[in-house]
Amino acid sequence: QVQLVESGGGQVQAGGSLRLSCAASARTFSNYAMGWFRQAPGKEREFVATISGSGDNTYYADSVKGRFTISRDNAKNTVYLQMTSLKPEDTAIYYCAAEWNYYDKHIVRTNQNAYGYWGQGTQVTVSS
């Protein structure tokens, strides 16, 4: 069982930056591919970014590519999402998710159905 706790959300003006953190309780954090997803009011949850267990592979949604950076520190059991050049359309609840994958530490996952563990979410609000 893995528990995920997000932090770092808040309110920021358009063009600003935020860094989200997600702390995991996993014994061997590198066994988990990690992802960030978001859900805006009235919309379905969507993929934002993912990183492999080893940290060597990442993948981003087109809407955030070049503005967001996902990273992880396996020694601290934490994954980060650095968000820059924020836009009002980035307003959403941001969730981190974990997928156990002991056999391939280089894989990334964009499908939310692949993730077995989810955090409670953190609100990001970008004002114009």
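Arg38, Glu46, Arg67 and Asp90 are joined in a network of salt bridges. The model is predicted. Across the structure there are five salt bridges.

**The Asp90 network**

Asp90 sits in the loop between β8 and β9. Its relative accessible area is 1%. Asp90 is therefore buried, as the limit for that class is under 20%.

Asp90 pairs with Arg38, and the closest N and O atoms are 2.9 Å apart. Arg38 belongs to strand β4 and Asp90 to the loop between β8 and β9, so this bridge ties together parts that are 52 residues apart in sequence. The side chains of Asp90 and Arg38 are also joined by a polar contact of 2.9 Å. Arg38 is buried too, with a relative accessible area of 6%.

Arg67 is another salt-bridge partner of Asp90, with 2.8 Å between the closest N and O atoms. Arg67 comes from the loop between β6 (58–60) and β7, and Asp90 from the loop between β8 and β9, so the pair ties together parts that are 23 residues apart in sequence. Arg67 has a relative accessible area of 11% and is buried.

What else does Asp90 touch, not counting residues up to four places away in sequence? The list includes Phe68, Ser85, Val124 and Val126, along with Arg38 and Arg67.

**A bridge from strand β9**

Arg109 forms a salt bridge with Glu99, and the closest N and O atoms are 3.0 Å apart. Glu99 lies in strand β9 and Arg109 in the loop between β9 and β10 (117–118), so the parts they tie together are 10 residues apart in sequence. Is Glu99 buried or exposed? Glu99 counts as buried, at 8% relative accessibility. Arg109 counts as partly exposed, at 28%.

The three bridges described here are set out below.

| Salt bridge | Closest N and O atoms | Separation in sequence |
|---|---|---|
| Asp90 and Arg38 | 2.9 Å | 52 residues |
| Arg67 and Asp90 | 2.8 Å | 23 residues |
| Arg109 and Glu99 | 3.0 Å | 10 residues |

**The nonpolar core**

The largest nonpolar core has 34 residues. Which of them touch the most other members? They are Met34, Trp36, Leu81, Met83 and Tyr94. Elements that give two or more residues to this core are β3, β4, β5 (46–51), β7 (68–73), β8 (78–83), β9 (92–100) and β11 (122–127). Strand β9 gives the most, with five residues.

Tyr94 has a long contact list, leaving aside neighbours within four places in sequence. Among its contacts are Trp36, Leu81 and Met83, which are named above with Tyr94 for touching the most other core members. Tyr94 also contacts Arg38, the residue bridged to Asp90. Phe68 and Val124 are in contact with Tyr94, and Asp90 touches both of these residues as well. Other contacts of Tyr94 include Glu6, Leu20, Phe37, Val48, Gly121 and Thr122.

**Phe29 and the loop after β7**

Phe29 lies in the loop between β3 (18–24) and β4 (32–39). Phe29 is buried, with a relative accessible area of 2%. Leaving aside neighbours within four places in sequence, its contacts include Ala24 and Met34. Phe29 also contacts Arg72, Asp73, Asn74, Asn77, Thr78 and Val79. The C-alpha atoms of Phe29 and Lys76 are separated by 8.7 Å, although the two residues are 47 residues apart along the chain.

Asn77, one of the contacts of Phe29, lies in the loop between β7 and β8. Asn77 is not a glycine, yet its phi is positive, at about 55 degrees. Asn77 counts as buried because its relative accessibility is 17% and the cut-off is under 20%.

Ser85 also has a positive phi without being glycine, with a value near 50 degrees. Ser85 is found in the loop between β8 and β9. Ser85 is partly exposed, with a relative accessible area of 40%. Asp90 touches Ser85.

**A nonpolar surface patch**

Which residues make the nonpolar surface patch of about 430 Å²? Trp100, Tyr102 and Tyr103 do. Trp100 is in strand β9. Trp100 is partly exposed, with a relative accessible area of 44%. Strand β9 thus holds Trp100 of the patch and also Glu99, the partner of Arg109.

Key: Residues numbered from 1 in each chain as written. Predicted model: local features only at pLDDT ≥ 70, side-chain atom pairs only at ≥ 80, totals over all residues. Heavy atoms only, no water. Helix = DSSP H or I, 4+ residues; strand = E, 2+ residues; numbered from the N terminus. Buried < 20%, exposed > 50% of the residue type's maximum accessible area, 1.4 Å probe, protein only. Contact = heavy atoms within 4.5 Å. Core = buried A, V, L, I, M, F, W, Y, C linked by side-chain atoms within 4.5 Å. Patch = residues over 30% accessible without salt bridge, like charges linked within 9 Å, V, L, I, M, F, W, Y side chains within 5 Å. Areas by Shrake-Rupley, 256 points an atom, 1.4 Å probe, with all protein chains shown as cover. Salt bridge = Lys/Arg side-chain N within 4 Å of Asp/Glu carboxyl O. Polar contact = N/O pair within 3.5 Å; in protein donor to acceptor, adjacent residues only side chain to side chain.
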